[in-house]
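Student: Please pick one aromatic side chain in this protein and give me a close look at its surroundings. After that, I would like to see how that part fits into the chain as a whole.

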Amino acid sequence: MRSSLRLVLPAATAIFAATSSVNAQSPRPAVQATPAAATLRAARVQGDMRIDGRLDEAAWQQAQPATEFTQSYPQAGAAPTVRTEARVLYDDENVYVGVRMLDASPDSIAAPLARRDASGVYSDWLHVIIDSRHDRRSGFRFSVNPRGVQRDVYHFDDGNEDASWDAVWNVAAAVDSAGWTAEYRIPLSQLRFGGEATDARTWGFQVMRDIARRGERASWSPWTQNTPGFASSFGTLTGLEGIRSPRALEILPYASARVTRAPGNSADPFYSETEPGMDAGADLRLGLPQGFTLSATINPDFGQVEADPAEVNLSAFETFQTERRPFFTEGSDIFQFGGTRAFNSYGSQDYFYTRRVGRSPQRTLSGSGVAFVDAPQQTRILGAAKVSGRTPAGWSVGVMNAVTGREGARFVAPDGTEGTAQVEPLSNYFVGRVRRDLNAGSTVLGGLFTAANRELGDEALEGMLHRGAYVAGADFLHTWGKRAWSLSGYAAGTRVNGTPGVILGTQRGSARYYQRPDADYLEVDPERTSLSGHIGEVSLAHSGSWNASVQYKEVSPGFEINDLGYHTRADARSIATYLGRNVNKPVGVLRNHSYAAWQFAAWNFGGDRILDGYAGRVSAGFTNFWGAGIQAGIRPEYLNDRLTRGGPLSATPAQWNVNGWVETDSRKPLFFGTELGYRQDASGLRERSIASWATLRPSTAVRVQLEPRLSKGAYTAQYVNTTADLRAADTYGARYVFGELDQTTFSLGARVDWTFTPRLSLQMFAQPFVSAGRYTAFKELATPGEFAFAEYGGDRGTLCRIDGVYVADPVAARTCPAALPATTDPNFVVRFGDPDFNVRSLRGNAVLRWEYRPGSTLFFVWQQERSGFESMGDFDFGRDARAIFDGPAHNVFLIKASYWIGG
């Protein structure tokens with residue numbers, strides 16, 4: 001099942017979901033299992049090893065073989081259908097792993113070409129995983145397919161994974177008449193461990209083999225999809241003697257050149273149709289004592305990063321964007337905080353939202369005093385560094401500090417006067433994380449501290465940004481009952497400071513709305529220069545074939561982390577429960593199946609019930625490798641303290657929803673699936689959606705993916721405007737204007753991957769996007785606490801549209817004036833522009849990537865963006881699709897080269 005179709009529940013990452021297209025499993029929290037008994041002894045090798053995939057060196061035959069593999073699925077615990085044999089050697093600089101994988105039908109081995117770190121590839125795979133810290137919570141995975149395609153992943157918290165982790169290592173694979181083989185050289189410098197060279201080391205170790213055509217995984221140390229943990233199930237690797245903790249220095253300098261061609265106004269003195277640019281910087285990684293690593297970056301370049309997808313955001317909340325920049329994605333697990341082991345939770349937050357660092361400048365120059373502007377698109381990161389690692393005593397530490405520069409913009413006034421203005425201040429961002437493992441990892445205690453500090457010194461910035469923002473918290477995890485049961489929780493406090501105007505804006509912001517007139521437990525204080533809050537959460541969970549959890553969470557109204565983190569809602573208390581079962585073994589025509597039910601409820605700190613819902617899901621994988629599922633939910637009526645954007649309470653009508661999906665056999669050259677969704681409420685709201693996906697593999701080197709999505713909704717109350725009017729006594733002296741919205745949105749994600757060799761690939765991505773919305777039946781909230789409205793020109797008053805502007809007399813029925821009334825007219829107090837929209841965009845890029853030597857890469861990149869906006873409101877696919885390509889194009893051409901220096 002596609003990740004976009006899974007439950008709307010937080011869950012641990014499915015183990016290897018990205019590397020095995022037949023490994024579908026239900027989400028569950030990562031809880032440790034009893035350590036596995038499998039043991040293997042490594043042998044020291046003298047002299048050079050030739051990494052060619054042939055395994056013909058005599059040293060391989062002198063090493064102890066690991067042969068006792070068992071199936072992880074589909075027949076958990078059964079003997080594998082074919083034999084696998086693995087051996088481990090080492091010297092002072094490297095670990096070597098050699099694996100022979102027998103197969104009676106070598107011509108049936110799935111062996112496609114793909115770029116490095118590609119996901120969702122239908123292929124046989126071999127996974128070697130090393131827990132060099134031996135904490136039974138983490139591991140470094142080195143995967144290879146029969147064509148030598150590499151993938152490396154870092155596993156953490158005994159069940160989650162970070163696919164952005166990259167290492168410099170060497171592997172060769174070969175297919176022969178007996179099956180296939182893989183031969184690894186993994187430098188010790190790419191692993192993390194402490195201790196002295198005199199220590200006899202013991203590591204966690206696992207070898208897994210995927211046979212794609214059978215949907216089978218075989219594991220050396222027993223693990224199944226119902227095992228409550230992952231790294232904790234690894235076997236033990238012994239015999240490692242006389243090797244030093246790595247102290248290697250790695251430097252990755254880069255240089256880039258770009259040319260930007262963009263449309264513009266020829267009257268703009270800052271405009272240039274063609275704009276060249278050059279840049280340079282470097283990343284550094286240094287091994288420190290006790291297994292710690294220093295990572296640093298100077299002037300990082302993110303030119304080859306894929307563009308964010310287009311969307312239309314009609315909510316009051318900021319859109320969360322996925323981090324794609326390598327320095328921040330790698331090792332991000334170290335700083336994760338604020339989650340518990342649970343299958344169902346209300347709301348989420350991210351304490352270190354790395355997109356805050358190097359974001360677009362937060363001040364925009366506009367208005368009547370500005371004619372033309374030359375402003376930077378991003379804030380330059382002057383430097384950033386991370387130190388992370390784990391001591392032999394069980395202390396895990398992560399510290400990151402980043403400094404972004406002061407940014408200014410040039411502008412020209414309408415009278416031709418030129419000037420400059422500061423649009424982003426000099427800022428420092430700090431994150432510190434510490435954890436301690438106790439009782440062999442069954443208990444974990446931790447803490448977090450973050451700080452964002454800005455050197456403002458500019459009156460405009462003083463009035464819009466916090467001077468300082470701080471978070472401090474602690475978390476815990478305790479497991480028992482063979483690690484299947486867990487109790488976890490955390491608590492944190494926050495504080496932001498700044499001028500009274502800034503803190504007033506924080507109080508009135510969409511995360512809290514202190515100004516709500518019927519919220520007697522909240523009070524806006526315009527004199528405050530700081531705001532504090534707290535958050536807390538505790539969960540009890542069971543993981544295995546039966547999964548269950550119960551969770552309590554509360555977020556105080558003053559909670560605020562958006563300077564360095566991300567959250568959209570404070571002021572809530574919630575309870576969430578879950579019960580489900582995973583049957584990961586064949587039963588008749590079913591390869592596996594699962595079913596679950598869950599419930600959630602929430603209240604604000606004033607006691608208003610702001611959420612109430614119940615849902616369930618059934619899904620199955622079949623013996624023909626098809627999959628299907630259905631999910632449905634109901635929500636009784638509850639109160640809504642956000643609909644009026646800071647106004648009084650309203651209600652959310654009772655609603656129900658259903659989603660169903662089906663997908664075909666992923667082993668076939670053409671694999672596709674579809675999800676259908678429907679939602680309806682008591683007010684007449686209706687929302688329908690269809691999302692499809694298809695993967696075509698015309699050859700072993702080419703993969704084409706299409707993801708069309710179409711949604712159509714009729715929404716009965718979309719917020720438009722708030723107007724003060726003392727005559728509106730029932731709604732506290734203001735009129736909260738809404739409209740009925742008909743919106744249709746279509747997007748098509750198209751991707752082509754063409755791999756020439758495992759180190760040379762071409763990726764092309766494009767996303768055309770069209771969304772149209774038409775507003776009708778403009779109305780105002782009539783009764784607080786209810787979903788009740790009075791329509792202008794119908795239930796009450798008059799509505800007129802004059803020169804593209806809507807004006808309304810909310811009290812009396814009268815004839816529309818011939819011209820737009822003066823803003824001082826006491827009757828037509830409600831006025832707003834035409835909110836209808838047609839948004840069109842095309843975003844895409846093409847990236848030729850060549851890893852010309854291990855760790856060193858050359859990129860050739862072309863990025864293009866087209867966008868347009870009109871206020872028609874109706875959706876016409878042919879017209880809107882053509883209009884995408886009629887708009888001017890913004891093109892960027894980039895060449896970037898990096899060179900890895902290390903040992």
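Tutor: Let's start with Y595, which has a relative accessibility of 34% and therefore counts as partly exposed. That label follows because the value falls between the 20% below which a residue is called buried and the 50% above which a residue is called exposed. Please keep in mind that this is a predicted model.

To place Y595 among the other rings, it helps to know how such pairs are described. A pair of aromatic rings is given by the distance of the centres and the angle of the planes. The count of aromatic pairs here comes to 32. One of them joins Y154 and F156: the ring centres are 6.2 Å apart and the planes meet at 15°, so this pair is stacked. Y154 and F156 are both buried. W546 and Y595 also form an aromatic pair, and this one is edge-to-face, with 6.4 Å from centre to centre and 80° between the planes. The pair of W546 and Y595 connects distant parts of the chain: W546 sits in strand β28 (residues 546-555) and Y595 in strand β30 (residues 590-603), 49 residues apart. Like its partner, W546 is partly exposed, at a relative accessible area of 41%.

Now back to the buried pair. Y154 and F156 belong to one aromatic cluster together with F140, F142, W165, W169 and Y184. Just along the chain comes D157, in the loop between β8 (150-156) and β9 (160-162). The phi of D157 is near 50°, a positive value in a residue other than glycine. D157 is buried, with a relative accessible area of 14%.

D117 also has a positive phi, of about 65°, although it is not a glycine. You will find D117 in the loop between β5 (94-102) and β6 (125-131), and at 18% relative accessibility D117 counts as buried. Another loop to look at is the one between β3 (70-73) and β4 (84-90), where P74 lies. The peptide bond from Y73 to P74 is cis, with omega near 5°.

Contacts across the sequence can be followed from E241, which lies in strand β14 (residues 235-241). E241 is partly exposed, with a relative accessible area of 41%. Setting aside neighbours within four places in sequence, E241 is in contact with R41, R44, Y90, D199 and A200. By comparison, the C-alpha atoms of E241 and V168 are separated by 23 Å, with their positions 73 residues apart along the chain. Further on, V861 in strand β46 (residues 856-870) is buried, at a relative accessible area of 6%. The C-alpha atoms of V861 and K896, 35 residues apart along the chain, are 8.3 Å from each other.

Finally, the whole chain. Its secondary structure comes to five helices and 47 strands. The radius of gyration is 29 Å, close to the 29 Å that the globule rule gives for 903 residues, so the chain is as compact as a globular protein of that length. Among contacts with a separation of 6 or more, 66% are between residues 24 or more positions apart; the link between W546 and Y595, 49 residues apart, joins distant parts of the chain too. Buried residues make up 55% of the 903 residues.

Notes. Residues numbered from 1 in each chain as written. Predicted model: local features only at pLDDT ≥ 70, side-chain atom pairs only at ≥ 80, totals over all residues. Heavy atoms only, no water. Helix = DSSP H or I, 4+ residues; strand = E, 2+ residues; numbered from the N terminus. Rg over C-alpha atoms; globule rule 2.2 N^0.38 Å. Buried < 20%, exposed > 50% of the residue type's maximum accessible area, 1.4 Å probe, protein only. Contact = heavy atoms within 4.5 Å. Phe/Tyr/Trp six-rings, centres within 6.5 Å; stacked < 30°, edge-to-face > 60°.
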